[in-house]
Amino acid sequence: MIKEILILLLSWLISAYLLLKYIPKENKRYAHITFIFAQTIAWIFEYLQVLFGLVEFPFREFNTATKMSFSLHYFISPTFMVFFIFLYPTEKMKLRICIHFLIFAIAIATYSFVIEKYSSLLYFKKWNWFYSVISNLIILYIVKKFVFWFKKGLV
């Protein structure tokens, strides 16, 4: 239990540090929209995973309130997605864009895999790393479409 708390605390601290340090002040509003929308999509996705019995979260922050993890899809996964949007290649080279999607989808899936392997924060019942990469590609695509659509209204 101490290990899980330390992992979550370290993940929160690193995520908050990266968001505060590397998101420029003039882009904070844009980052907030990305973060909130990514939270929404991640929570819906997590809810479906738990509902269909694909994953389980043995250690949860709010054990009596929900069967879902609060930190993993409320703060950590949206942080990945904020940096996915801010580092998105502006040139229209399809290969570079595909590599960008793959890097972030693999990074999120690998984080989940490591958490699943070395702690009781997450347990894959009928899920694996490959499914996670595919689902993260879909989520990243949805987030990118929404944020870029929303950004047109901010300019």
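Which residues form a nonpolar patch on the surface? In this model, which is a predicted one, the patch is made up of Leu102, Ile106, Phe113, Val114, Tyr118, Trp129, Phe130, Tyr131, Ile134, Ile138, Tyr141 and Ile142, and together they have about 1100 Å² of accessible area. If you follow these residues along the chain, helix 4 (94-118) and helix 5 (129-154) each supply at least two of them, and helix 5 gives the largest share, with 7 residues.

Let me take one member of the patch by itself. Phenylalanine 113 lies in helix 4, and because its relative accessible area is 36%, it is classed as partly exposed.

Turning now to the interior, the largest nonpolar core has 26 residues, and those with the most contacts inside it are Leu19, Met81, Phe84, Leu140 and Val143. Two or more residues of this core come from each of helix 2 (28-51), helix 3 (71-86), helix 4 and helix 5. There is also a second, separate core of 13 residues, with Val50, Leu72, Leu122 and Trp127 among them.

As for leucine 19, if we leave aside residues up to four places away in sequence, it touches Lys28, Phe35, Phe75, Thr79, Val82 and Phe83.

Finally, I would like to look at serine 15, which is placed in helix 1 (residues 2-22). Is this serine buried or exposed? Serine 15 counts as buried, because its relative accessibility is 7%, and the cut-off for buried is under 20%. Its side chain reaches the backbone oxygen of serine 11 at 2.8 Å, while, again not counting residues up to four places away in sequence, serine 15 touches Phe75, Ile76 and Thr79.

Note on methods
Residues are numbered from 1 along each chain as its sequence is written. This is a predicted model: local features need pLDDT of at least 70, side-chain atom pairs count only at pLDDT 80 or more; totals for chains, interfaces and linings use all residues. Side-chain values use heavy atoms; hydrogens and water are left out. Patches are made of residues with over 30% relative accessible area and no salt bridge: like charges are joined within 9 Å, nonpolar side chains (Val, Leu, Ile, Met, Phe, Trp, Tyr) within 5 Å. Accessible areas come from the Shrake-Rupley method with a 1.4 Å probe; for residues, only the protein chains shown count as cover. A salt bridge is a side-chain nitrogen of Lys or Arg within 4 Å of a carboxyl oxygen of Asp or Glu. Helices (H or I, at least four residues) and strands (E, at least two) are DSSP runs, numbered from the N terminus. Buried means under 20% relative accessible area, exposed over 50%, partly exposed in between (1.4 Å probe, protein chains only). A nonpolar core is a set of buried Ala, Val, Leu, Ile, Met, Phe, Trp, Tyr and Cys residues joined through side-chain atoms within 4.5 Å. Contact means heavy atoms within 4.5 Å. A polar contact is a pair of N or O atoms within 3.5 Å; within protein, one must be able to donate a hydrogen and the other to accept it, and residues adjacent in sequence count only if both atoms are side-chain atoms.
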